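Colleague: Got a minute to go through this model with me? I'd like to start with the cysteines.

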Amino acid sequence: MIGDIRETKECQLKDPMDLFHSGQVVKICAPMVRYSKLAFRTLVRKYSCDLCYTPMIVAADFVRSAKARDSEFTTNKGDHPLIVQFAAKEAQVLCDAARIVCPFADGIDLNCGCPQRWAISEGYGACLINKPELVKDMVRHVRSQIDNPKFSVSIKIRIHEDLKRTVDLCQKAEAAGVSWITVHGRSIEERHQPVHYDAIKIIKQSMSIPIVANGDIKTLKDAENIHHLTEADGVMVARGLLANPAMFAGYEETPFQCIQDWVDIALEHGTPFTCFHHHLMYMMERITSKQEKKVFNVLSSTSAVLDYLNDHYGV
């Protein structure tokens with residue numbers, strides 16, 4: 001049975017690099033813990049999102065536990081092109097995880113940007129930007145062990161205070177065969193400070209592979225401005241898409257049709273209530289009054305949410 005599934009999946013697989021050769025800016029949904037799961041990816045793909053990432057998955061757990069695989073990774077034949085993002089610190093573990101998802105996804109991404117304390121203390125995420133040889137080794141290992149030449153291997157990084165170190169890291173990754181690099185234009189310490197788009201531009205000018213710009217992109221206009229500012233080949237958006245999943249299609253705020261689509265998709269996928277509700281809270285942030293939020297945000301069941309949307313918005 002698995003063989004049948006793999007065959008139907010494989011014929012749907014795409015080469016993500018084709019997007020970067022299209023001459024258009026590639027519009028990407030970021031890896032978001034709890035949020036960039038299959039149902040939400042299905043929604044943003046309806047609204048001009050070109051490429052989606054899964055939430056970050058810890059590769060060691062994924063390889064070791066079938067339960068982790070079942071809960072962390074779900075996809076379907078319309079969910080392409082798809083990049084599975086892993087947290088890893090050992091080349092062979094990353095390879096083993098890549099091999100498991102290879103028949104069902106179009107590439108993997110190594111997280112070298114997560115600044116959370118738990119990730120850094122475990123040797124994952126942003127601490128890897130200080131280990132360029134390890135990153136190079138991990139990329140090279142996956143490249144040599146995955147037979148499919150169209151399967152992409154990318155990395156997502158933050159920048160160093162000394163940008164020369166970031167350029168060096170990127171050039172080492174490029175030499176190892178990385179497909180593209182996503183640059184979040186802040187250092188590990190920076191949270192809400194302005195994004196260093198000038199740094200992304202310098203990195204772009206130092207490389208011959210595609211570079212994706214990430215950080216504080218909230219509208220399609222922002223995406224276009226940042227593309228011109230950085231010369232990046234793609235833009236990756238997180239919070240901006242949570243607030244407005246139709247952003248890439250040019251909507252200034254979430255249209256009611258998008259809310260309707262989310263309700264339909266979430267119910268069809270059996271999305272847990274908390275996740276279903278949280279997405280709606282994000283989407284309706286800009287279009288509801290303080291008073292409405294007070295009522296809507298404390299609803300505690302799917303039926304209560306559906307009644308509210310029907311009564312107030314005809315959704």
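**Cysteines and a helix**

Modeller: Cys95 has its closest cysteine sulfur in Cys102, 11 Å away, and that is too far for a bond.

Colleague: What is a disulfide, anyway?
Modeller: It is a covalent bond between the sulfur atoms of two cysteines. Here the cut-off is a pair of cysteine sulfur atoms within 2.5 Å.

Colleague: How many disulfides does a search of the whole structure find?
Modeller: Zero. Cys114 is in none either; its nearest cysteine sulfur, in Cys127, is 9.7 Å away.

Colleague: How far can I trust this?
Modeller: This is a predicted model: local features need pLDDT of at least 70, side-chain atom pairs count only at pLDDT 80 or more, and totals for chains, interfaces and linings use all residues. Residues are numbered from 1 along each chain as its sequence is written, and side-chain values use heavy atoms, leaving out hydrogens and water.

Colleague: Is Cys114 buried or exposed?
Modeller: Buried, at 10% relative accessible area. Buried means under 20%, exposed over 50%, partly exposed in between (1.4 Å probe, protein chains only).

Colleague: Where is Cys114 found?
Modeller: In the loop between strand E5 (107-112) and helix H7 (117-121). Helices (H or I, at least four residues) and strands (E, at least two) are DSSP runs, numbered from the N terminus.

Colleague: New topic. Which residues of H14 are buried?
Modeller: Among them are Phe276, His279 and Leu280.

Colleague: And what covers the buried residues of H14?
Modeller: The cover includes helices H3 (38-46) and H16 (302-313). Contact here means heavy atoms within 4.5 Å.
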